[in-house]
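Please open the structure in your viewer and keep the sequence panel visible beside it. The tour below moves from one selection to the next and says what is found at each stop.

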Amino acid sequence: MSSFLRNLNSKQLEAVTGGNKSSLILAGAGSGKTRVLTTRIAWLIDTNQASPREILAVTFTNKAAQEMLFRISTMLPINVRGMWIGTFHGLCNRLLRHHHSEVGLPRSFQILDNNDQLTVIKRVIKNEQLNIDKYPPKQVQYHINSAKDQGLRFNDIDEVDDLSHRANQIYLAYQKLCNQEGLVDFGELLLRCYELLKKNILIRKHYQARFKYLLVDEFQDTNELQYNWLQILSCDSNTIFAVGDDDQSIYGFRGARTNNLKDFVVDFNIADTIKLEQNYRSLGHILDAANAVIKNNTNRLGKNLWTSKGQGDPIRLMESSSDQEEAQYVIQEVKNLRQKDYDINSIAIFYRSNAQSRVIEHALFSVGLPYKVYGGLRFFERLEVKHALAYLRISVNPKDDSAFLRVVNFPPRGVGLKSIEKISQIALQDKLGLLEAAEKTSLSGKAKEGVGKFQSVIQRLKNYSLENSLTETIEYLLDLTGIITHYEQEKNGVDRIENLKELVNAGAVFENENPYSNEESENANLDAKPAFENNILSNFLAYASLEAGENTAHSDKEGSLQLMTVHAAKGLEFKVVFMTGLEEGLFPHENSLSEPVGLEEERRLMYVAITRAQQLLYLSFAQSRMLHGQTRWNIPSRFLDELPETSLERSNGKIKSIVTDNTNIFQSSDSTDSLTAGRTVSHTKFGQGIIIQIEGRGPDARVQVNFENVGIKWLIASYAKLTTI
DNA sequence: CTTGAGAGGTTTTTT
DNA sequence: ACCTCTCAAG
């Protein structure tokens, strides 16, 4: 028996060594999902059932793909390069580069990220001379992307209302423009690839025969198109190994179809689904809470996590009067934990929406606790980096008008809107790219000079890139275009220059890791394609779009608290987790409440949050919170009511807790009428105090009380359960 | 072409 | 409250 099978439990072993049929592994949080997936690959190869080149494994993030490669390489002494392991988009990109001529794309097609796509859409709206107010670009973008997620072209879509009709019109024009300029958005990567496999029987059969084992991670996150893509790659002679957890499906809003799990069971004749329910991450109370919350969802495939580790500490509930106080309580507790030798790196603070991080950050900053915020601008999304890349893009693909528009006047060369308009006119008339059209446009002296300069820059850059390495080309570019000089004169330019130097670094690293730039040659003639002149350049550009870089704000400090949204926390684990902002309207978010589906997704999100914690879990809510410049008064989240009583700790020194019982919120036992300023009242947790003032009436009434032991507090009368003395 | 005032829009996000 | 974008004046 291979040594890497030794430490698996029986269910995991069953999953890993499953026979030659498609299978579905329902893997709960912390049940060793990634381990099972990677061990299966290692086992298939180790037992000579598969050669590396017969493996195709798909993930959603580059991080997950890298993790997978890393784990496999620790189990097997083989060259992992032969395997196709990557994201849906990465693999489709690879396939489309091989078969670019079959799908009508230039080999050096450019990949648009979200931002680029939006810019192109705006351009299309302008080109079509449509009123931008009637066609909100963001909505149009959403329309196009969700259509592509469902595998739909513009003529496949029902135009149910006026907006979808108009959006469709732009979809058509947008696609035409992308095709002309050799631009491909994220959805297009998948759709184009799917259509290729569907239409071209030869290519389809080739890949079906080649990939004997298809493995999919986070299956619950697949959208319709991804499901179809997997389906078309599958055939009688191969199998799919799907791993997922319906309870952790939190990306419905971007097209993920939880139902794909159920459809998979039918479409792929899954006789028995293997459930991994033993959890290796969290202690008992935490799992009990997770199980209790998720039980309230309908339509689950059903799963119950358990552990052999013992119950651990109960979950702490924290109540505060405001978001600022909440931050203070968290800080106090973090300090306590540090004294008990908890590593600050292993403590995380979660929130539902990014806007909530500011108050926490502010509080952390003022007490000098180091922290790291996940999310935000990634490296390749930074303005200055995109500018620099645009020069590379246009030198690789002169038809790339997006790139032209981005940098024709950056740094400023005196080419203003008027001139660009003129050039666009000519381009439209003569059906040319902007760079080409610029040559034929008669312009005023200053603009003419600027355009001339720009053209010579592009020409020189292109020539240089043919003779020199990628890294040298980037260095040359920074100097030639005057981008650095420009930022040197700007007040906030220092960081930007740093980033541009980092770009040179990124180029060097890329070059190092991709020494041959063109794909490893394969025997099958369908796979192989001759190298192309600017191969490494366009590969680097694709890499920049597909892998936008680190997702964290910079932090040079070694130990930091981890701040992130619950979405960003998926797949991670921490010894200690603070889940903040557990209030109705925030979590569950108010926008999700209109449909039951929305609420269930919020509950899954809560489930994800809870199951991130290994040892300690704090659940916190505040009575009031600043949102969009206004103070809002909130009721505790309904999810708190779904927690099992036996796993909670309601009171503990400075960490105050409350009993939340929503049935009581609107039917206070003690009429608020009896509460008047000056009266002495008693609170179950805070003890005795004197009412200072009252705001409002009925269930929303708030009372300010000066307690003998804990000082002044604002309470919501209806659930504070105050009794008059 | 740059700058500043005003308007609008704020769930979650990877590729 | 705060950030991004647009439009008009300098």
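Two strands are said to pair here if DSSP finds at least two bridges between them. Keep in mind throughout that this is a predicted model.

**First stop: strand β12 and its neighbours**

Begin by selecting strand β12, which covers residues 561–565, and then add strand β11, residues 371–373, which runs parallel to β12 and is joined to it by three bridges. Within this pairing, K372 has Q562 of β12 as its bridge partner. Now add strand β10, residues 347–351, which also runs parallel to β12 and is joined to it by four bridges; here A348 is the residue that stands opposite Q562.

With the side chains of β12 displayed, which residues point one way and which the other way? L561, L563 and T565 point to one side, while Q562 and M564 point to the other. In a regular strand the side chains alternate between the two faces of the sheet. The strand is mostly covered, since five of its five residues are buried.

**Second stop: DNA strand B**

Next, select DNA strand B together with the protein residues around it, of which there are 27, and look for N114, R352, N409, G416 and T565, the ones that come nearest. Of the atoms of DNA strand B that come within 4 Å of the protein, 54% belong to sugar and phosphate. The protein residues of this surface divide into eight nonpolar, 15 polar and four charged.

Three contacts with phosphate oxygens of DNA strand B can be picked out one after another. At N354, a backbone N or O atom lies 2.7 Å from a phosphate oxygen of the strand, and at L417 a polar backbone atom is 3.5 Å from a phosphate oxygen. At N591, by contrast, the atom in question is a polar side-chain atom, which lies 3.3 Å from a phosphate oxygen of DNA strand B.

**Third stop: salt bridges**

Side chains of opposite charge can pair when their charged atoms come close. A search of the whole structure finds 35 salt bridges, and the following selections show some of them.

Select K33 and D217, whose closest N and O atoms are 3.2 Å apart in a salt bridge. This pair links distant parts of the chain, with K33 in helix α2 (residues 33–46) and D217 in the loop between β6 (213–216) and α10 (224–233), 184 residues apart. Are these two residues buried or exposed? K33 counts as buried at 17% relative accessibility, and D217 is buried as well, with a relative accessible area of 4%.

Move on to helix α3 (residues 62–75), where E67 and R71 are four residues apart and therefore separated by about one helical turn. Their side chains meet in a salt bridge of 2.7 Å, taken from N to O. E67 is partly exposed, with a relative accessible area of 34%, and R71 is also partly exposed, at 28%.

Then select R406 and D116, which form a salt bridge whose closest N and O atoms are 3.9 Å apart. R406 lies in helix α16 (residues 401–407) and D116 in helix α5 (residues 114–127), so the pair ties together parts that are 290 residues apart in sequence. R406 is partly exposed, with a relative accessible area of 23%, whereas D116 counts as buried at 5%. Widen the selection to D113, D116, K386, R393, D400 and R406, which are joined into one network by salt bridges that share partners.

**Fourth stop: the cysteines**

How many disulfides does the count come to? The count comes to zero. Select C193 and C92 to see why: the sulfur of C193 is 3.6 Å from that of C92, the closest cysteine sulfur, which is too far for a bond, as a disulfide needs the two sulfur atoms within 2.5 Å. C193 is buried, at 0% relative accessibility. For C235, the closest cysteine sulfur is the one in C193, at 16 Å, again too far for a bond; C235 is partly exposed, with a relative accessible area of 23%.

**Last stop: strand β17**

Finish at strand β17, residues 680–683, where V681 and H683 make up a covered face and T680 and S682 an uncovered one. Adding strand β21 (residues 723–724) brings in its antiparallel partner, joined to β17 by two bridges, with V681 standing opposite T724.

Conventions:
Residues are numbered from 1 along each chain as its sequence is written. Chains are lettered from A and ligands numbered from 1 in the order in which they are written. This is a predicted model: local features need pLDDT of at least 70, side-chain atom pairs count only at pLDDT 80 or more; totals for chains, interfaces and linings use all residues. Side-chain values use heavy atoms; hydrogens and water are left out. Buried means under 20% relative accessible area, exposed over 50%, partly exposed in between (1.4 Å probe, protein chains only). A salt bridge is a side-chain nitrogen of Lys or Arg within 4 Å of a carboxyl oxygen of Asp or Glu. A residue is near a molecule or strand if one of its heavy atoms lies within 4 Å of it. A polar contact is a pair of N or O atoms within 3.5 Å; within protein, one must be able to donate a hydrogen and the other to accept it, and residues adjacent in sequence count only if both atoms are side-chain atoms. Ala, Val, Leu, Ile, Met, Phe, Trp, Tyr, Cys and Pro count as nonpolar, Asp, Glu, Lys and Arg as charged, and the others, Gly among them, as polar.
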